[in-house]
Amino acid sequence: MKNLDEAAFDEVDVRVVPERQLPRAMYLALGIATVIYIAIALGVFGTLTVEEVVSSGGTALAVAAEPTLGQAGYWLMSVTALFATAGATNAGLYPAAGLSERLVDNGLFPPLMARKVGGRVTAGLLFEAAVCLVLAIAFKLEAIASIGSAVALLIFVLITIAHFRVRKETGANPAILVLAVAAAGGVLVTFIVTTLIHEPASIVTLLAILAISAGLDFGWHGRRGGRTGNSTTANGG
């Protein structure tokens with residue numbers, strides 16, 4: 001049995017081809033997510049009017065289920081939304097520990113972020129959890145969704161722009177990268193003009209997040225560069 005298990009794992013390892021499987025997985029995931037989002041949009045707007053969707057806010061899905069399933073449908077969608085929110089939060093926190101350690105190893109984060117608290121939890125994970133708690137307590141659901149959407153779109157744009165620097169290594173098609181930047185940038189501008197502009201608190205928070213992030217990044221890189229220069233000078237002397 002041991003030999004059979006080893007042979008099975010060996011065969012799995014041989015068949016893993018990231019260059020072919022990763023793009024397929026990404027396109028499949030995007031396709032499934034797109035179909036689900038379109039289906040939800042059709043279901044909600046096929047049941048409620050635009051005014052009802054706007055007035056329902058974050059409970060639009062639950063309200064849309066109520067005409068068909070009654071009060072049970074409302075509670076079913078509400079409980080499902082709670083589980084989905086908990087899952088999304090957990091998915092964001094889960095990689096924080098490993099990500100903090102990796103960024104520290106690459107010199108992008110200070111060593112403090114990878115330090116173990118109590119020998120188990122990294123400081124980076126605790127910091128991210130604290131930020132999540134502050135946002136959940138200080139802001140309404142609509143504001144959190146707006147801030148999260150704007151930050152996600154901005155990250156998509158910046159990552160794709162940065163991809164141009166390594167496109168020869170990854171084999172990426174420049175036309176696809178340009179299309180991705182244009183699409184994400186267009187959605188971001190549209191979102192800001194149509195939605196975010198009516199939420200001053202969200203705009204201020206978003207700008208504060210960007211300013212603090214940029215300040216911390218420049219400050220850490222400046223301090224790290226100064227230490228590197230001092231070490232080089234000391235070694236040379």
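Which residues does Thr205 touch, not counting residues up to four places away in sequence? In this predicted model, the partners of Thr205 under that condition are Phe139 and Ile147. Thr205 itself sits in helix H10, and its relative accessibility of 15% falls under the 20% limit, so the residue counts as buried. Its side chain also reaches back along the chain, coming to 2.8 Å from the backbone oxygen of Ala201.

Before going further into such details, it helps to look at the protein as a whole. The secondary structure comprises ten helices and two strands, arranged along the sequence in the pattern α-α-α-α-α-β-β-α-α-α-α-α. Of the 237 residues, 15% are buried. Among contacts with a separation of 6 or more, 43% join residues that are 24 or more positions apart.

Confidence is a natural next stop. The mean pLDDT of the protein is 81, with 88% of the residues at 70 or more. Helix H9, spanning residues 174-194, has the highest confidence, with a mean of 92, while helix H1, at residues 2-15, has the lowest, with a mean of 43. Across residues 1-14 the pLDDT stays below 50, and this stretch makes zero contacts in the model beyond near neighbours in sequence.

The nonpolar cores come next. In soluble globular proteins, nonpolar side chains tend to be buried together. Here the largest nonpolar core consists of six residues, namely Ala150, Leu153, Leu188, Phe191, Leu196 and Leu206. At least two residues of this core come from helix H7 (141-163), and at least two from H9. Leu188, one of the core residues, touches Ala150, Leu153 and Leu154 when residues up to four places away in sequence are set aside. Another core lies apart from this one and has five residues, including Val44, Val53, Ala60 and Ala64.

The loop between H9 and helix H10 (200-236) offers a polar counterpart, for Glu199 is found there. The side chain of Glu199 makes a polar contact of 3.0 Å with the side chain of Ser202. Once neighbours within four places in sequence are left aside, Glu199 is in contact with Glu142, Ala143 and Ser146.

What about charged pairs? Side chains of opposite charge can pair when their charged atoms come close. The model contains one salt bridge, in which the side chains of Lys116 and Glu101 meet at 3.1 Å, N to O. Lys116 belongs to strand S1 (residues 116-117) and Glu101 to helix H5 (residues 96-105), so the bridge ties together parts that are 15 residues apart in sequence. Lys116 is partly exposed, because its relative accessibility is 41%. Glu101 is likewise partly exposed, with a relative accessible area of 30%.

Aromatic rings complete the picture. A pair of aromatic rings is described by the distance of the centres and the angle of the planes. One such pair occurs in the structure: the ring centres of Tyr74 and Trp75 are 6.3 Å apart and their planes stand at 85 degrees, so the arrangement is edge-to-face. The assignment follows because planes over 60 degrees apart count as edge-to-face. Tyr74 is partly exposed at 22% relative accessibility, whereas Trp75, with a relative accessible area of 54%, is exposed.

Note on methods:
Residues are numbered from 1 along each chain as its sequence is written. This is a predicted model: local features need pLDDT of at least 70, side-chain atom pairs count only at pLDDT 80 or more; totals for chains, interfaces and linings use all residues. Side-chain values use heavy atoms; hydrogens and water are left out. Rings of Phe, Tyr and Trp (its six-membered ring) pair if their centres lie within 6.5 Å; planes under 30 degrees apart count as stacked, over 60 as edge-to-face and the rest as tilted. Buried means under 20% relative accessible area, exposed over 50%, partly exposed in between (1.4 Å probe, protein chains only). pLDDT is the predictor's confidence in each residue, from 0 to 100. Helices (H or I, at least four residues) and strands (E, at least two) are DSSP runs, numbered from the N terminus. Contact means heavy atoms within 4.5 Å. A polar contact is a pair of N or O atoms within 3.5 Å; within protein, one must be able to donate a hydrogen and the other to accept it, and residues adjacent in sequence count only if both atoms are side-chain atoms. A nonpolar core is a set of buried Ala, Val, Leu, Ile, Met, Phe, Trp, Tyr and Cys residues joined through side-chain atoms within 4.5 Å. A salt bridge is a side-chain nitrogen of Lys or Arg within 4 Å of a carboxyl oxygen of Asp or Glu.
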